[in-house]
Amino acid sequence: MGRLRFFLERTKDVRFVRFWLFLFLVVLLFAVLYWQVKPRQYELRLFDVAKETIRSPVTVEDKEATARLKEEAAAKVADVYTLKKEYAENRVDLLSSLFAAIESVQHEAGSDRSPGDLAAKLEERLPPEWLAHLSAEEWQRLLNAAPDELETAKEAALTVVHAAMSERISQAELDEARAKAAKELEYAALSPTLRETVAKLCRRAIIPNVVYDRTATEEKRRQAMDEVKPVKILQGQVIVEEGQFITSDIYHRLELVGLLSGGRPLWPAAGLFLFVLLLLSPLVYYFRPETTNEKLSLYTAIFTFMMAVMVLIRLLPSGGAVSVGYLVPAAFGPMLVRVLLGERLAIMTAVIGAVCGSLLFNEEIGATGVVSVSLAVYLLAGGLAGTFCLPKELAKTKIWRAGVLVATVNIVSLLSLLLLKNGRYSLMELTLFVIMAAASGIFSAILTIGLLPVLETTFGILSPLRLIELSNPNHPLLRKLLTEAPGTYHHSVMVANLAEAACEAIGADGLLARVACYYHDIGKTKRPRYFIENQMGGNPHDHLSPQLSKNIIIAHVADGVALLRKHRLPKEIVDIAEQHHGTTLLKYFYHKAREQTEFVSEAEFRYPGPKPQTKEAAVINIADSVEAAVRSLANPSQEKIEKIVRAIIADRLQDNQLNECDITLKELEVVARSLCETLNGVFHSRIEYPEVRKEKVKHA
């Protein structure tokens, strides 16, 4: 422990220490969590028999199966054919032109109806392919038809063809459409032979009017493929049952979720490394460059203890619905940080601990992750309860009380989570839940109380609990001060009241200021009679030279520091005792020496210092002089008190006594008001009672 403190004191570069400690935390957290998040792999081959039931550790898409389903969905989509309405108009126009040619031939022939001449003229007007549709006899029949009969045949043919071509006609439906058109001609007022000829002509005129639409077909197939849902292997899904053969499909799914040896184990490691960096990154922001090495190392030690306790509990056997994760004393880490380093960092520690715990006990709580979230909420509730349940004035009894409150919060949060899951638990399981939640809170208090003195001694951190112990009047040094220098003891208590109120008003550590005031003049116990508050009769300085008196007065600082170090009081209290006079001037003895001789150096009559380095030391420096000055007033009033307070603060500023601490002028104004308020409460005006005359009682 001594070597550790020596190293921390010697290492002045906080950024260097912060880097290595942060790196240590990253490595520690990565090592603790890696074995939990590392995917388990199996030595399996095709057609082996599974020795255990294997579940998927992750949710992943089977892209090959999804692609097969999409191909099947696209294959089921029929080709899209588009109706060409212009085909109907074209065929009607073509048929109308044919009848117009026949009428033209009849009109030109007049009364000369020689079959040969008519046929020859008709061949000149019709395309060759149409001439082949009818025989020469059938063409002749149309040419020999009467004009009225030909007009009726034309209208019937056009009507039938237009009606047929207005509907969708595919190649497969062509014969049916032609037969239907021929049947409709049976109702036309034509001779049977002419009707048969026109029907044959109409059948030839009707053709398929739908064509293949490639663009529409591809779009429809694309829509069918988009509607196919991805095939996913869900987290926790059983891939193979115990005793089942490893088929090619099962083998593919095992390989897909990374359960076969020779997979890609580096991906989870990379993900965990990034997660750890993200989780610990707020600590980099919190630990500013002005943070001491002791605090950085202290937090690292607390975090290491947290992880060690979690790992040890993780090794305990667990089964069924009751996980050992609920036994984790999640509050002890945040409670230690709250006591030693502050509330904000304790909240961050509670969050980090809850996340780490939920990951560390992930295997215990199933693969679905639902209970993992429940455990994280449970651990977070316990950690925050431990942070907020600790009062400002700490004592061991208060830590025990906080442990009981944490246990209560654990029980309530755990039962609420169990009810939210709507699970069915036996009375035995519920009893185990309650016992583990209560034990978590009690263990947190035990670990906090047990580790506090170890951490304080190792890292030299002054906790509120340690300060409260030091404020006990039964402490040997305080008993020594009370018995040997009672006036100084009373003075120290008064200064403590003034300094505590002023420090709290400016946001400094009021408890540290109070306890430091109790011990700041402990050096006066070596020669108590030489200090005015302990003098009952004459003043021994009246018979001493100013130089000797000066040496005695100044020596009480060094004597006090030596006494405090001998009793191993914390460094913060020793520093305040050493700095509470700064390098101020002993004005009384200095002017007394000047009266005897002019060759007197002012530096000889100043305290050796150092000057106050902290706000607490600066406030005590002011409060010490203020209390002594106000106590010397015969009839202190508010105006006199305020005048003295402001005069002393102005003197400290003019004498550059506050140059080495970070107290501001605004804070000094707050300190002045606080000192005046406290002193006015002590030296308030009182009622003057009339003097009661004592009458002599005469005895008979």
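How do the residues lining the largest cavity divide into nonpolar, polar and charged? The legends below take up this point and several others in a predicted model.

**View 1. The largest cavity of the predicted model and its lining.** A search of the whole structure finds two cavities of 30 Å³ or more, and the largest cavity holds about 100 Å³ of space. Its lining is made up of R18, L21, F22, L25, L283, V284, F287, L296, Y299 and T300, and these residues divide into eight nonpolar, one polar and one charged. Three helices, α2 (14–37), α13 (266–286) and α14 (293–314), each supply at least two residues of this lining, and α2 gives the most, with four residues.

**View 2. The second largest cavity, with its lining residues.** About 50 Å³ of space lies in the second largest cavity, which is lined by M306, V309, M310, V328, P329, A330, F332 and G353. Helix α14 gives the most to this lining, with three residues, and it also supplies at least two residues of the lining of the largest cavity. By class, the lining of the second largest cavity has seven nonpolar residues and one polar residue, with no charged residues.

**View 3. Surroundings of C202 in helix α10.** C202 is placed in helix α10, which runs over residues 192–205, and its relative accessible area is 0%, so that it counts as buried. Leaving aside residues up to four places away in sequence, C202 touches L95, A157, V161 and L185. The C-alpha atom of C202 is separated by 9.9 Å from that of T159, although the two residues are 43 residues apart along the chain. For the protein as a whole, 79% of the contacts between residues at least 6 apart in sequence join residues at least 24 apart.

**View 4. C503 and C517, two cysteines that are not joined by a disulfide.** The structure holds zero disulfides. C503 is accordingly in no disulfide, and the nearest cysteine sulfur, that of C517, is 7.7 Å away; because a disulfide requires cysteine sulfur atoms within 2.5 Å, this separation does not qualify. C503 is buried, with a relative accessible area of 0%, and C517 is likewise buried, with a relative accessible area of 0%. C517 lies in helix α23 (residues 510–519), where it touches S492, V495, A496, A499 and I620, not counting residues up to four places away in sequence. Between C517 and A617, which are 100 residues apart in sequence, the C-alpha to C-alpha distance is 9.5 Å.

**View 5. S374 in helix α17 and the residues that it touches.** S374 is found in helix α17, which covers residues 370–388. At 8% relative accessibility S374 counts as buried, because the cut-off for this class is under 20%. When residues up to four places away in sequence are not counted, S374 touches L417 and K421. Across the protein, buried residues make up 44% of the 700 residues.

**View 6. The cis peptide bond between G609 and P610.** G609 and P610 are joined by a cis peptide bond, for which omega is about 5°. P610 lies in the loop between α26 (587–596) and α27 (615–631).

**View 7. R568 and N656, two loop residues with positive phi.** The phi of R568 is near 55°, a positive value in a residue other than glycine, and R568 is placed in the loop between α24 (546–566) and α25 (571–579). At 73% relative accessibility, R568 counts as exposed, because the cut-off for that class is over 50%. N656 has a phi near 60°, again a positive value in a residue other than glycine, and lies in the loop between α28 (638–654) and α29 (665–682). With a relative accessible area of 36%, N656 is partly exposed.

**View 8. The whole protein, for orientation among the close-ups.** The protein has 29 helices and six strands. Its accessible surface comes to about 38,000 Å², of which 57% belongs to carbon and sulfur atoms.

How values were computed: Residues are numbered from 1 along each chain as its sequence is written. This is a predicted model: local features need pLDDT of at least 70, side-chain atom pairs count only at pLDDT 80 or more; totals for chains, interfaces and linings use all residues. Side-chain values use heavy atoms; hydrogens and water are left out. Buried means under 20% relative accessible area, exposed over 50%, partly exposed in between (1.4 Å probe, protein chains only). Contact means heavy atoms within 4.5 Å. Accessible areas come from the Shrake-Rupley method with a 1.4 Å probe; for residues, only the protein chains shown count as cover. On a 1 Å grid over the protein atoms alone, a cavity is a set of points where a 1.4 Å probe fits but cannot get out, and a pocket is an open set with protein on both sides within 12 Å along at least five of seven lines; lining residues have an atom within 4 Å of a point. Grid points are joined across faces, edges and corners, and a volume is the space filled by probe spheres set on the points. Ala, Val, Leu, Ile, Met, Phe, Trp, Tyr, Cys and Pro count as nonpolar, Asp, Glu, Lys and Arg as charged, and the others, Gly among them, as polar.
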